[in-house]
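Here are some worked exercises to try with the model open beside you. Have a go at each task before reading its solution.

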Amino acid sequence: MTVNAKIFIDIDNLIGKVDRLKKTKTKIFNDIDSLIERVDRFKIEPLFSEEKSKREDKSVSPLLDDNEILRTLSHLIAYSQFSDSENVERLLKSGKYDKVFENFDIEKVVKLNPCDIADNHWESLKGIRKQSKLFHIVSLARKIKQIGSFATILNGMNIPKTIKSDNDIKDFWIGFDKLLVTLKDNKIPFFQSTIPLLHFLLDIGYDCVKPDLVIMKVAKKLEIVDREIGDKNFRQTVRIIQEYSVSRQIRPTIVDFYFLIDEKQSGARKFVSEDFYAQQKTIT
């Protein structure tokens with residue numbers, strides 16, 4: 001075989017691979033369209049539209065400071081490690097969590113003793129499930145104070161606050177990986193891996209999703225990934241959702257909302273009638 005012939009074969013193989021990838025994405029995008037259409041048929045109003053609008057309107061605050069970042073990270077810690085989302089939501093809405101942690105004033109939180117918090121307040125905080133989280137939050141405040149400013153570090157990563165194009169998606173992941181390395185280097189507790197860091201960025205308004213078990217079950221069902229676990233699969237799921245969002249001009253947090261409903265996440269099932277889940281059973 002001549003060199004030129006081999007080059008042409010390699011080019012043909014590459015073109016074929018690209019074509020197959022395009023066909024796969026087309027099918028996935030169409031399947032997400034169908035999922036959204038199914039959910040919309042059973043939505044409960046005005047609850048559904050209120051939640052959707054809240055997600056649509058959320059954006060990264062230009063005034064984000066370290067106290068607010070500590071509050072956000074601490075709230076996410078409360079939800080972590082399989083805590084019941086509805087119990088945690090009730091706790092956070094009550095204001096007791098914020099009050100115990102001095103409304104997340106870093107200068108005050110760094111002086112707290114987690115053992116005292118556990119001894120004096122655990123009965124009102126037990127919705128977060130694990131007392132170890134109290135230690136993580138105080139440690140987190142001390143780390144943020146130690147590094148100077150989390151907000152400054154975050155802004156320095158140049159992660160696009162909204163995603164409107166494929167280039168924005170590329171820049172998002174470049175900035176994300178730089179931020180991840182920085183948090184690992186500074187040993188920031190709880191946020192040194194892909195899922196919790198994506199959850200943080202999602203919660204403060206960036207265009208991404210948290211690829212937790214619920215989202216990954218839907219991702220596998222839609223054949224976005226072959227397995228529900230693994231960092232590569234987490235990232236692929238988020239990236240495909242971002243690409244879908246660019247294609248359909250819809251924010252990733254809205255896609256996240258539909259995925260949570262589809263997989264019957266405890267805090268999301270209230271947005272549709274039970275008929276939605278009844279018809280799912282007939283489909284499967």
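**Exercise 1. A loop and its peptide bond**

In which loop is Pro46 found? Then describe the peptide bond that leads into Pro46.

Solution. This is a predicted model, so let us begin with the backbone as it was modelled.
- Step 1: Pro46 sits in the loop between α1 (3-40) and α2 (47-57).
- Step 2: The bond from Glu45 to Pro46 has an omega near 5°, and it is cis.
- Step 3: This is worth a note, because most peptide bonds are trans.

**Exercise 2. The overall picture**

Work out how many helices and strands the protein chain has, then describe the extent and burial of the chain.

Solution.
- Step 1: The protein chain has 15 helices and zero strands.
- Step 2: Along the principal axes, its C-alpha trace spans about 75 × 50 × 30 Å.
- Step 3: Of the 284 residues in the protein chain, 45% are buried.
- Step 4: Take the contacts between residues at least 6 apart in sequence; 68% of these join residues at least 24 apart.

**Exercise 3. Two partners of α3**

Describe how helix α3 (residues 66-79) packs against helix α8 (residues 132-147), and then how α3 packs against helix α11 (residues 194-203).

Solution. Two packed helices are described by the angle between their axes and the distance between the axes.
- Step 1: The axes of α3 and α8 come within 10 Å and cross at roughly 155°. An angle over 145 degrees counts as roughly antiparallel, so α3 is roughly antiparallel to α8.
- Step 2: The crossing of α3 past α8 is right-handed. On the α3 side the contact is made by Asp66, Leu70, Leu73, Ser74, Ile77, Ala78 and Tyr79, and on the α8 side by Lys133, His136, Ile137, Leu140, Ala141 and Ile144.
- Step 3: Sorted by class, the contact of α3 with α8 holds nine nonpolar, two polar and two charged residues.
- Step 4: Now turn to α11. Its axis and that of α3 come within 10 Å and cross at roughly 125°, and α3 and α11 are therefore oblique to each other.
- Step 5: α3 and α11 also make a right-handed crossing. Here Ile69, Thr72, Leu73 and Leu76 of α3 meet His199, Phe200 and Asp203 of α11. The contact of α3 with α11 has four nonpolar residues, two polar and one charged.

**Exercise 4. From one residue to a helix pair**

Is Ile169 buried or exposed? Use its contacts to move on to the packing of α10 and α13.

Solution.
- Step 1: Ile169 belongs to helix α10 (residues 166-185). With a relative accessible area of 1%, Ile169 is buried.
- Step 2: Not counting residues up to four places away in sequence, Ile169 touches Ile163, Arg239, Gln242, Glu243 and Val246. Ile169 and Glu243 are 74 residues apart in sequence, yet 7.6 Å apart in space, C-alpha to C-alpha.
- Step 3: The axes of α10 and α13 (231-248) lie 10 Å apart, and the helices pack at an angle of about 150°. That makes α10 roughly antiparallel to α13.
- Step 4: α10 passes α13 in a right-handed crossing. The α10 residues in the contact are Asp166, Ile169, Lys170, Phe172, Trp173, Phe176, Asp177 and Leu180; those of α13 are Arg235, Val238, Arg239, Gln242, Glu243 and Val246.
- Step 5: By class, the contact of α10 with α13 divides into seven nonpolar, one polar and six charged residues.

**Exercise 5. The interior**

How many residues of helix α14 (residues 252-262) are buried, and which residues touch the most other members of the largest nonpolar core?

Solution.
- Step 1: In α14, 11 of the 11 residues are buried, so α14 is largely enclosed by the rest of the structure. Among them are Asp256, Phe257 and Asp262.
- Step 2: The largest nonpolar core has 87 residues, and Tyr97, Phe101, Leu154, Phe200, Leu201 and Ile261 touch the most other members.
- Step 3: Leaving aside neighbours within four places in sequence, Tyr97 is in contact with residues including Ser74, Ala78, Leu125 and Ile137.

**Exercise 6. Positive phi**

What phi do Asn158 and Glu223 have, and where do they lie?

Solution.
- Step 1: Most residues other than glycine have a negative phi.
- Step 2: Asn158 has a positive phi of about 55°. Asn158 lies in the loop between α9 (150-156) and α10, and is exposed, with a relative accessible area of 58%.
- Step 3: Glu223 has a positive phi of about 65°. Glu223 lies in the loop between α12 (213-221) and α13, and is exposed at 55% relative accessible area.

Key. Residues are numbered from 1 along each chain as its sequence is written. This is a predicted model: local features need pLDDT of at least 70, side-chain atom pairs count only at pLDDT 80 or more; totals for chains, interfaces and linings use all residues. Side-chain values use heavy atoms; hydrogens and water are left out. Axes are lines fitted to C-alpha atoms, for helices over the stretch in contact, and angles run from 0 to 180 degrees between N-to-C directions. Helices (H or I, at least four residues) and strands (E, at least two) are DSSP runs, numbered from the N terminus. Angles under 35 degrees count as roughly parallel, over 145 as roughly antiparallel, 65 to 115 as roughly perpendicular and the rest as oblique. A crossing is left-handed if the near helix is turned anticlockwise from the far one by less than a right angle, and right-handed if clockwise. Contact means heavy atoms within 4.5 Å. Ala, Val, Leu, Ile, Met, Phe, Trp, Tyr, Cys and Pro count as nonpolar, Asp, Glu, Lys and Arg as charged, and the others, Gly among them, as polar. Buried means under 20% relative accessible area, exposed over 50%, partly exposed in between (1.4 Å probe, protein chains only). A nonpolar core is a set of buried Ala, Val, Leu, Ile, Met, Phe, Trp, Tyr and Cys residues joined through side-chain atoms within 4.5 Å.
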